[in-house]
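Colleague: I'm new to reading models of paired chains. Could you walk me through one?

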There are 2 protein chains.
Amino acid sequence: MPEDNVIYVGNKPVMNYVLAAVTQFNEGAKEVTIKARGRAISRAVDTAEVVRNRFLMDVTIDKIQIGTEELKSEKGDSIKVSSIEIFLKRNV
Amino acid sequence: MPEDNVIYVGNKPVMNYVLAAVTQFNEGAKEVTIKARGRAISRAVDTAEVVRNRFLMDVTIDKIQIGTEELKSEKGDSIKVSSIEIFLKRNV
């Protein structure tokens, strides 16, 4: 899957990410991955739910993975944060 | 799976839920489900990650499901919130 079918969810309103995902599907993507870290994880789940329940009924959740990523703080300490990847698939 | 192997993650510190899950496994549970709604979803992911990476290395993620639940507000309106269920399994 090309890397440009990935939506990174951050602190913007959910609808921004929903529209980004819907746009990618409407431009022909068969799969879109929604990724987030830390507190944005809840928003990534919201994004996936809104895409499949309100916009594209033929999109399903193919797989969900969670993990832990290690980030460097400004001081050079390492901080562990949880991450999520939600793989959405359009069933044509 | 009996309902008492479910940990509901809310607003307490992550370690509370981690210890609840570890205790259930140590009391013999083969599977523990971690559930959360709304903003607590990130904390549910943290809980699963800490359990399997720091406490019980033989615990793996069996399945992850996300969904949408409808809650009634005090005024009687219905509000939709995202939910997550993380199914953890101990590999004996």
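Modeller: Sure, let's take the pairing of the chains, then one residue from each chain. This is a predicted model, where local features need pLDDT of at least 70 and side-chain atom pairs count only at pLDDT 80 or more, while totals for chains, interfaces and linings use all residues. Residues are numbered from 1 along each chain as its sequence is written, chains are lettered from A and ligands numbered from 1 in the order in which they are written, and side-chain values use heavy atoms, with hydrogens and water left out.

Colleague: How is chain B placed relative to chain A?

Modeller: In general, two copies of a chain are related by a rotation about an axis and a shift along it. Here, a turn of 180° and a shift of 0.0 Å along the axis lay chain B on chain A with an RMSD of 0.0 Å (least-squares superposition on the C-alpha atoms of residues with pLDDT of at least 70 in both). The two copies are thus related as by a two-fold rotation axis. Both copies use the same surface: 100% of the contact residues of chain B recur in chain A (contact means heavy atoms within 4.5 Å).

Colleague: How much area do chain B and chain A bury between them?

Modeller: The size of an interface is often given as the accessible area lost when the parts come together. Chain B and chain A bury about 1300 Å², 62% of it on carbon and sulfur atoms (accessible area lost by two parts on being put together, 1.4 Å probe, summed over both). In chain B, the most area is lost by Ser42(B), Ile64(B) and Ile66(B), together 41% of what that side buries.

Colleague: And how many salt bridges does the rule find across the interface?

Modeller: The rule finds 0, taking a salt bridge as a side-chain nitrogen of Lys or Arg within 4 Å of a carboxyl oxygen of Asp or Glu.

Colleague: Now a single residue: is Ser42(A) buried or exposed?

Modeller: Buried means under 20% relative accessible area, exposed over 50%, partly exposed in between (1.4 Å probe, protein chains only). Ser42(A) has 7% relative accessibility, so Ser42(A) counts as buried. Beyond its neighbours within four places in sequence, Ser42(A) is in contact with Gly38(B), Arg39(B), Ile41(B) and Ser42(B).

Colleague: What about Ala36(B)?

Modeller: Ala36(B) is buried too, with a relative accessible area of 5%. Leaving out residues up to four places away in sequence, Ala36(B) touches residues including Val9(B), Ile41(B) and Ile84(B). Ala36(B) and Gly10(B) are 26 residues apart in sequence, yet 6.7 Å apart in space, C-alpha to C-alpha.
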